[in-house]
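Good morning, and thank you for joining. Please take a moment with the sequence and the structure before I begin.

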Amino acid sequence: MKRTSVETSAEPLEAGNGQVGSKGGFRRLLRSRLVREISWSFVIRTARTGLVFLTTVMLARLLGAEGYGIYAYAYALVTLIAIPVQSGLAELMMRETARGMAEGRPELVRGVWQWMGRVVVLLLGVFVLLVGPVLVIWQGGLASISGQTMAWALVVLLFFGLGSLPGAALRGLGRVVLGLVPEYVVGPGLLLVLVGGVALVAREVLSPVVAMALHAGALLIAFGVGLRLWWRERPEAVRQVRPCVETRGWLASGLIFGLMSGFAVVNSQAGTVLLGMFAEPEAVGVFRVALQVAALASFALQAVNLVVAPRFAELYAQGEMAKLERLAVGSARAVFAFNVVLTVGFVGVGRFFFEQVFGKEFAAAYGPLLVLLVGQMVNSAVGSVGYLLSMTGHERETAQGMAVAAVVNVVLGLALIPWWGIYGASVATAVAMGVWNGILWWRVRKRLQIESWAFYRETELSEQ
């Protein structure tokens with residue numbers, strides 16, 4: 001269906017020229033606001049990665065492999081089982097906010113904000129009250145360290161689910177950088193400060209339980225900061241209109257986004273949970289560290305996604321498919337180049353890195369890291385395929401590809417982990433990542449008829 005460009009009340013994408021589709025406007029956009037936002041996104045993403053990494057190092061050293069394994073397992077288990085809560089509704093809010101502003105429908109924006117808040121609160125409440133006690137009892141009850149850690153992990157989940165909404169609304173409004181600050185800087189920064197402060201004042205009291213409680217406190221404050229920023233940045237047009245609610249359409253999309261988020265959680269946490277079923281907590285801690293370090297290779301893609309995702313929704317709503325392709329391919333090339341440099345560095349000094357930074361007991365993470373980096377290379381080469389589909393109304397395609405990958409991940413994990421341990425978990429995770437991104441790349445070509453592959457050499461791409 002052909003889409004036409006409409007004037008919106010959103011902030012112009014470029015100073016002096018609010019129309020992305022005007023002559024030369026997109027080229028100037030790439031040189032100005034988009035580049036600035038991607039640059040700031042890289043800075044914020046780098047800061048977040050650094051903060052999370054330092055926190056991981058600190059917790060691993062202070063808690064040891066066993067203590068950190070208890071902490072990591074509780075977090076992984078609660079996020080995996082709480083798939084209905086981790087429903088991807090933040091992505092839906094961002095897409096619908098961007099679409100409403102692009103189409104000049106502020107009533108739609110206000111409607112999705114109100115509807116989304118109610119749905120998330122309901123899901124969180126049902127999960128914490130009904131499923132939470134079962135998880136705590138399963139982990140030994142409140143009399144055990146594992147049970148207490150799980151109880152605080154439920155609080156972490158509560159504020160994590162709520163805290164993603166203000167930032168998603170701000171990114172949908174075009175306030176990309178501002179929308180990243182609470183979730184990506186305030187939360188991780190406070191956690192690092194809190195853990196470091198407790199370690200300096202009373203190191204002996206730091207345990208998996210205390211670490212998870214500090215995590216919950218940091219997320220609570222970050223949520224308050226996000227609410228304050230969202231309240232201040234709401235457009236006047238959105239404040240004054242009567243909300244328009246599209247319950248049926250949002251429920252359908254929300255269910256699909258929920259499946260996508262659930263499958264993403266399975267793919268990211270299945271290795272940790274399955275390893276915890278077959279191995280000791282020390283092995284879980286080592287594998288978790290390998291996952292955290294491997295994630296450094298994908299942070300460039302994640303940083304770019306934070307900026308380009310609302311752009312995908314805007315350009316698709318305006319029917320600018322050629323510009324959508326240029327943005328997708330250009331961002332994929334930049335991300336892949338960064339990934340290659342970082343991967344080569346880890347291959348060369350990875351073992352020394354683990355021993356010096358995390359301690360000798362984590363040197364065993366080097367081999368699994370190399371396996372995980374193979375999957376990350378595929379992830380970066382195909383570009384932002386998941387967001388390309390989801391932000392253009394093809395979230396069903398994304399969910400199907402992620403479902404296949406989740407099944408592959410679990411089946412391979414069950415087959416390999418009992419025999420290969422950490423390496424089995426790494427192989428299952430890497431293969432699932434490759435399957436996931438390969439399917440989505442093919443779906444982008446089929447449904448959108450554009451390319452996102454970093455090695456796309458079509459001459460027309462640079463001439464449009």
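Let me start with a question: is S380 buried or exposed? Please bear in mind that this is a predicted model. S380 has a relative accessible area of 2%, and because buried means under 20%, S380 counts as buried. The residue belongs to helix α13, which covers residues 366–381. Setting aside neighbours within four places in sequence, the contacts of S380 are with A332, V335, F336 and N339.

I turn next to the nonpolar interior. The largest nonpolar core comprises 61 residues, and within this core V78, V293, F354 and F358 have the most contacts. Helix α2, residues 33–81, supplies the largest share of this core, namely 15 residues. To take V293 as an example, and again leaving aside neighbours within four places in sequence, V293 is in contact with F53, F346, F353, F354, F358 and L369. Apart from the core just described there is another, of 53 residues, which includes M94, M101, W250 and V385.

Finally, the surface. In soluble globular proteins, nonpolar side chains tend to be buried together. With that in mind, which residues make a nonpolar surface patch here? The patch is formed by L122, V126, L129 and L130, and its area is about 430 Å². Of these, let me single out L130, which lies in helix α4, residues 106–138. L130 has a relative accessibility of 60%; the threshold for exposed is over 50%, and therefore L130 counts as exposed.

To close, I would set two residues side by side: S380 is buried, whereas L130 is exposed. Thank you.

Terms used
Residues numbered from 1 in each chain as written. Predicted model: local features only at pLDDT ≥ 70, side-chain atom pairs only at ≥ 80, totals over all residues. Heavy atoms only, no water. Patch = residues over 30% accessible without salt bridge, like charges linked within 9 Å, V, L, I, M, F, W, Y side chains within 5 Å. Areas by Shrake-Rupley, 256 points an atom, 1.4 Å probe, with all protein chains shown as cover. Salt bridge = Lys/Arg side-chain N within 4 Å of Asp/Glu carboxyl O. Helix = DSSP H or I, 4+ residues; strand = E, 2+ residues; numbered from the N terminus. Buried < 20%, exposed > 50% of the residue type's maximum accessible area, 1.4 Å probe, protein only. Core = buried A, V, L, I, M, F, W, Y, C linked by side-chain atoms within 4.5 Å. Contact = heavy atoms within 4.5 Å.
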